[in-house]
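Subject: Structure handover

Hi there,

Here is the structure I promised to pass on to you. Please have it open while you read, and my notes follow below.

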Amino acid sequence: MDDVTRVAVDELDQWLDGLQIVLAVMASGDLEEATRWVAKLPSVSFEKRRWRGPSWERREGPAAPAPIREQVLQRDQYACRYCTRRILHHRVAAYLTAHFPRELPYSFNMPEADAPSRLHTHFGFVRTIPEVDHVVPNGGNDLNNLVTACTPCNNYKGNRLPEEIPDMALRVIEPPGWDGLYRLYLQAGRRLPQPGSRATYGHAPTK
Ligand SMILES: [Zn+2]
């Protein structure tokens, strides 16, 4: 990996640690204090080399069904199996952007008509959206053929095998003990529900 990538990964780690604090403060019910922490989040730069838009816009074949994707993400503890970078549970971005639309914009889920506004998605979210990659493209939805991938890695890999790409390897990772901030999101949501949403916040899985 080149220097640009390494710097970006450090930034992203600090940004994720900051989001963890924001959600913990929200779980205590203090939105004002959380807003102060949001203002202190480090900026995240754009990693142009690996960004070609979210993979679902590139139509590389059908995604694995949602329950299978969830199994894969939980097995890999929300870490990319190619770069080992931590990623977020998919509900966290929607929750944070509903509370902080200007500081933490996330708009991939906009309807087609609003497509230009997708460009306003925070780079941190661009790089931490959970994706599930077919290691062997069109190799089926067997769990052995599915791995958690961050959007930049999934993008970069495309329809190739990992061994076809010089700087890319499938890694056996130490379980990072990371849940994509899902438990903190549930706790925060019970104190400060997502504005404009009827989401329910069940009990977080014990672990
Ligand atoms: Zn990755």
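Let me begin with Tyr185: leaving aside its neighbours within four places in sequence, this residue is in contact with Leu23, His89, Arg91, Val92 and Tyr95. Before going further, please keep in mind that this is a predicted model.

Two of those partners, Val92 and Tyr95, are among the buried residues of helix 4, along with Ala93, Leu96 and Thr97. Helix 5 and helix 7 are included in what covers these buried residues.

**Overall layout**

The chain has seven helices and two strands. Read from the N terminus, its elements follow the order α-α-α-α-α-β-β-α-α. Of the chain's 207 residues, 32% count as buried. Among contacts with a separation of 6 or more, 67% are between residues 24 or more positions apart.

**The core**

Which residues touch the most other members of the largest nonpolar core? They are Leu23, Leu181 and Tyr185, out of 42 residues in that core. The elements giving two or more residues to this core are helix 1 (3–27), helix 2 (31–39), helix 3 (66–75), helix 4 (90–99), helix 5 (123–126), strand 2 (146–149), helix 6 (151–157) and helix 7. Helix 1 gives the most, with eight residues. As general background, nonpolar side chains in soluble globular proteins tend to be buried together.

Leu184 is a good place to look at how helix 7 meets residues from early in the chain. Leu184 lies in helix 7, which spans residues 182–191. Not counting residues up to four places away in sequence, Leu184 touches Gln20, Leu23, Ala24 and Ala27. For one of these, Ala27, the C-alpha to C-alpha distance to Leu184 is 7.0 Å, although the two are 157 residues apart in sequence. Leu184 counts as buried because it has 22 C-beta neighbours inside 10 Å, the cut-off being 20 or more.

**The two strands**

Strand 1 (residues 131–134) pairs with strand 2 in the antiparallel sense, over four bridges. If you want to check the register, His134 stands opposite Leu146 in strand 2, and the bridge partner of Asp133 is Val147.

Are the residues on the two sides of strand 1 buried or exposed? Glu131 and Asp133 point one way, Val132 and His134 point the other way, and all are buried. Strand 2 is likewise covered on both faces: Leu146 and Thr148 are on one side, Val147 and Ala149 are on the other, and all are buried. The general pattern behind this is that side chains in a regular strand alternate between the two faces of the sheet.

**Loop residues to look at**

Ile87 is found in the loop between helix 3 and helix 4. Ile87 counts as buried because 28 C-beta neighbours lie inside 10 Å. Its contacts, leaving aside neighbours within four places in sequence, are Tyr78, Ala79, Cys80, Thr128, Ile129, Pro130, Cys150 and Gly180. The C-alpha atoms of Ile87 and Glu131 are separated by 9.2 Å, with their positions 44 residues apart along the chain.

Tyr78, one of those contacts of Ile87, is in the loop between helix 3 and helix 4 too. Tyr78 has a phi near 50°, which is a positive value in a residue other than glycine. Tyr78 is buried, since 23 other C-beta atoms are within 10 Å.

What is the phi of Leu181? That angle is near 70°, again a positive value in a residue other than glycine. Leu181 lies in the loop between helix 6 and helix 7, and its 26 C-beta neighbours inside 10 Å are why Leu181 counts as buried.

**Confidence**

The mean pLDDT of the chain is 82, and 79% of the residues reach 70 or more. In the chain, confidence is highest in helix 2, at 97, and lowest in helix 6, at a mean of 83. Which stretches should you handle with care? Over residues 49–59 the pLDDT stays under 50, and the model has 18 contacts beyond four places in sequence for them. Residues 110–116 also have a pLDDT below 50, with three contacts in the model beyond near neighbours in sequence. Where pLDDT is low, the predicted coordinates should not be read in detail.

Happy to talk any of this through whenever it suits you.

Best wishes

Note on methods:
Residues are numbered from 1 along each chain as its sequence is written. This is a predicted model: local features need pLDDT of at least 70, side-chain atom pairs count only at pLDDT 80 or more; totals for chains, interfaces and linings use all residues. A residue is buried if 20 or more other C-beta atoms lie within 10 Å of its own, exposed if 12 or fewer, and partly exposed in between; C-beta atoms are placed from the backbone. Two residues are in contact if their C-beta atoms, placed from the backbone, lie within 7 Å. A nonpolar core is a set of buried Ala, Val, Leu, Ile, Met, Phe, Trp, Tyr and Cys residues joined through C-beta atoms within 7 Å. Two strands pair if DSSP finds at least two bridges between them. pLDDT is the predictor's confidence in each residue, from 0 to 100.
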